[in-house]
Every structure is written in structure tokens, then in C-alpha cells.
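Work through the exercises below with the structure in view. Try each task before you read the solution that follows it.

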Amino acid sequence: MLQIDRVSDSPVMPTDVDVIIIGGGIIGTTSAYELARQGVSVALVEKGFIGAEQSGRNWGWVRQQNRRHDELVMAMRSLTRWSEIGNEIGRDLGFRRQGSLYGTTVEADVARWEKWAVGAKAIGYSFDLLSAAELKSRIPTGTARWVGGLWSPSDGLAEPSKAAPAIAEGAKGLGAYVLQTCAARGFDISAGRITGVWTERGLIRAATVVCAGGAWSSRLLKRHGVELPVANVVGTAMRTSQVPALPGGTFNGPGFALRRRLDGGYTLAVPGYGRVELAPQGMRYALKFYRTYRSALTKKLKIRIGKSFFHGPEASASWALDDISPFERIRVLEPAIDEEWLVQAVNNLTTCFPQMKGVRILQAWAGLIDTTPDLVPVISTVDEIPGLIVASGFSGHGFGLGPGAGLLVSEMAQNKTTYSDITPFSLNRFKKGGQLLRPEMM
């Protein structure tokens, strides 16, 4: 099991608050923190432990570049909040602005980046498109046949083992209630609107509830007739022994992605590769993913039959509010790793950078990435249940976008004007006649 900084529980459980947050990942903790910072009474309930699932298992990238334009404003605001929150709470998130570097051997990537750059610059994002020679000068030890690159000096990275726990402690210091091993079994609804959450410890009343349960959100919402089409993708990553440092904090190269760790090693993975296990939820939403399955992105996915058909976030059994829920049966999800991608990542890295030969895998893990059909998150109110907000389906982008998303959620929960247009993130885009964006930039 991964080592995640532990968070102490609040000593009492409230009976009434203004807002309840379901899910103790980066989205839930930043939402709780921003609300508490603005004087809102908030309770954060987590079925297991803060940051123990995907928010503690991701690569740790905090990037703006190569975000689709719908997300870029949020990514830029998120970088600002990443810089500020640690100072505000006096805790280490492991956040550093060390820059993000992309390098490619494929001409089509360069053409795609050039097209993306036009819109990104119009939004106000500053970065450098690099020629093959300019990229080579930055990484002279690389042996790949480079054709171009991207460099963003303002991009950053953070430590997943530290970030969500530190922010949860910061929220608690401002008066938020943080309750772990306290699964949300379902919503309390009166006269058609939300009035609270039934947890395994009892009812907490609130006029606003935020569902930020990551891979588990869709199953909870389905219990109340709300459709959130997601496919949960299992991603594998590892941490390495200490190796020579490359320029910048993160690097995306031919068949590998790196993030420099505080211990001198790297978090290493093969970008975009994952495993989808056949399960009732996936079958239910298969048609929504038609365009995604037809795209080049799915060439990096393998589809298997696994345990999730009967257990976990994608199974179909129902439960009563006064009975044990699926969220209590699996406190922390531990998906099986894909060994072949560990080998492939190391081979791709050492082929490109021979000085990395001898690198050792010290630990490997897998996490479940809640992925929408268009790879765009849902940050949305729910027409069917007034008072309910969904912040889920971040498709592997949630860690970097976390503080920006948390700020949006806090504004929505208080009926304030949001700092950015949330229309692209509406849940209604998945309904019949809704406008889905073309999946890209996974």
C-alpha cells in the first residue's frame, strides 16, 4: 500500500452544516478548504482515508500546457492556488514550479501543438514552442530523433502523498469537519431537493451536497437516478531509484512520462496506457463512449474481465440507506498493476536516455481514473436534484486542476458568479441531444 500522509479526524460529527463534500481526494479537499476559507460551514466525508486512492496515486504533474482550451483557464487559476495554499495553511504540499518539457519524434504532434498554441496564447498562457535543435540543446544526452517540443517554465509538480492530506488539515484548521471511514450511503431528499447525506454514522443535514467521489461517484449517483457516464481506467505507475536529473520538473518523451520526486528518483509511467475491466457500469454507458473507442486513444487501452464486474465502483447491486454500502466494503481500492507497462516504461526511458540504464523500480502501484466520454470533467449542478453539485470525471487531469476546480465548486455552492465559464463541464451534455466534445489530450 502506498504511504500517504495521515490526517486526524475531527473529534465530533456535526448534525447540520451548510455544505457536505463527499470524497476526500484533491477535488473534495480543495473544495472544503475554499469553502471553509470563506466562512462556510462544511463537512468532508470520506469512505476510507484522505488522498488514499487516485489523488495519492497520480503522477504529480501540475501542468497548464497541453490542456484543452476548455480547461486552460481553470488550469492557470489552479497553478496560482497551488502556489498560495501551502503558504496560507503553513504546510508542505510538495509543490514546486520547475517547468514542464515535452519532446516528440512525431511530426503530427508538432502540428497539433502549433494549432493548440493559437488558442492558448489568446487565453493568455505563455510557453515556448521548440524546434528540434532547441529541444536538443535542452536535453543533449537524449538519443531520440527529436522533431520539436514544448516548454512551460511556469508549470509545476507536487507530491500526491502530501497534497490532499495537507489541504484537508488546512480546511480542518479553518473549522471544516473531516470524517474518515465515514462512507456516504446516499442522499437525504425532501420535496425533490437535497437536504443532507446519510452516512454510515448517521444523517448530516445540509442544503448543498458536492459529490466528488472520483471513481465511486457514478455508482452513488446512479442510486438516486442521476446518470454520470464514466469508464474507470486502471493506470499503472512506479517510483524509481535515484537517477540523473533532466531539465524541468516533468518530462514527456517518446513512450514515457517523468516527474522528479523529492527523494531524487522519478515517478515514471507510459502515457495514456491503461486497463478497462468489463463491468455493468461500463456496459451501460458503452454507446456514450463510441467516439472515444473509435479514436486513437483506445489503442493504448486493454479491455479485460476482472473483479469489478461483481465488486467495486462499477458493479450494479443496490443497497438500503440503513445497510452496509459498497463504499464500506472497499475502504481503499487497490487495483492490480500491469507489469508489462512497468517494463515498457523503463525500456522507453533508457532507450532515449542511456545514462538512465541501471534505474531500478522501487515500488509500483495502480489507481482508478474516472474518465468521461469526451475526457472533460463534470463540474455541474444537477437538474433532477436541486442542491446537488457533481465534481467528478476528471479523466486523469484532476490532481493538477484540483485547486482551480475546488475554487469553482466553492463559488457554485454559494451561488456566486464563477471565475470561469462552467458550461463545457455541464452534466447535461451527456443527455440526449447534448453536445459532446471530441475526445483529445488524454
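**Exercise 1: Two loop residues**

Asn66 is found in the loop between strand 3 (61–62) and helix 2 (69–89), where helices (H or I, at least four residues) and strands (E, at least two) are DSSP runs, numbered from the N terminus. The model is a predicted one, in which local features need pLDDT of at least 70 and side-chain atom pairs count only at pLDDT 80 or more, while totals for chains, interfaces and linings use all residues. Residues are numbered from 1 along each chain as its sequence is written, and side-chain values use heavy atoms, with hydrogens and water left out.

Task: Is Asn66 buried or exposed, and is Ala191 buried or exposed?

Solution. Begin with the cut-offs: buried means under 20% relative accessible area, exposed means over 50%, and partly exposed lies in between (1.4 Å probe, protein chains only). Asn66 has a relative accessible area of 6%, and therefore it is buried. Next, locate Ala191, which sits in the loop between strand 9 (184–190) and strand 10 (193–199). Ala191 counts as exposed because its relative accessibility is 88%. Finally, look at the backbone: the phi of Asn66 is near 65°, a positive value in a residue other than glycine, and Ala191 has a positive phi of about 55° although it is not a glycine either.

**Exercise 2: A strand and its partners**

Task: Which strands pair with strand 4, and in which sense does each pair run?

Solution. First, strand 4 covers residues 100–104, and 5 of its 5 residues are buried. Ser100, Tyr102 and Thr104 point one way from the strand, while Leu101 and Gly103 point the other way. Then apply the rule that two strands pair if DSSP finds at least two bridges between them. Strand 6 (residues 148–152) meets strand 4 in the antiparallel sense over 5 bridges, and within this pairing Gly148 is the bridge partner of Thr104. Strand 14 (residues 250–253) runs parallel to strand 4 and is joined to it by 3 bridges; here Thr250 stands opposite Ser100.

**Exercise 3: Two leucines in helices**

Task: Which residues does Leu221 touch, and which does Leu342 touch?

Solution. Contact means heavy atoms within 4.5 Å, and both lists leave out residues up to four places away in sequence. Leu221 lies in helix 6 (residues 217–223) and touches Phe187, Cys211, Val226, Leu228, Leu388 and Val390. Leu221 counts as buried because its relative accessibility is 0%. Leu342, found in helix 10 (residues 339–352), touches Thr236, Ala237, Met238, Ile337, Ile361 and Ala364. Leu342 has a relative accessible area of 5%, so it is buried. As a last step, set sequence beside space: Leu221 and Trp146 are 75 residues apart along the chain, with their C-alpha atoms separated by 46 Å, whereas Leu342 and Asn58 are 284 residues apart, with their C-alpha atoms separated by 15 Å.

**Exercise 4: An aspartate in a loop**

Task: Which side chain is joined to that of Asp374 by a polar contact?

Solution. A polar contact is a pair of N or O atoms within 3.5 Å; within protein, one must be able to donate a hydrogen and the other to accept it, and residues adjacent in sequence count only if both atoms are side-chain atoms. Asp374 is found in the loop between strand 19 (361–371) and strand 20 (378–381), and it counts as buried because its relative accessibility is 0%. The side chain of Asp374 is joined to that of Thr372 by a polar contact of 3.1 Å. In addition, a polar atom of the Asp374 side chain lies 3.2 Å from the backbone nitrogen of Val376.

**Exercise 5: The lining of a pocket**

Task: How many residues line the second largest pocket, and how do they divide into nonpolar, polar and charged?

Solution. On a 1 Å grid over the protein atoms alone, a pocket is an open set of points with protein on both sides within 12 Å along at least five of seven lines, and lining residues have an atom within 4 Å of a point. The second largest pocket is lined by 16 residues, of which Glu277, Lys307, Ser308, Leu333 and Pro335 lie nearest its centre. To sort a lining, count Ala, Val, Leu, Ile, Met, Phe, Trp, Tyr, Cys and Pro as nonpolar, Asp, Glu, Lys and Arg as charged, and the others, Gly among them, as polar. This gives 7 nonpolar, 4 polar and 5 charged residues.

Note on methods
1 Å grid on protein atoms, 1.4 Å probe; cavity = no way out; pocket = protein on both sides within 12 Å on 5 of 7 lines; lining within 4 Å.
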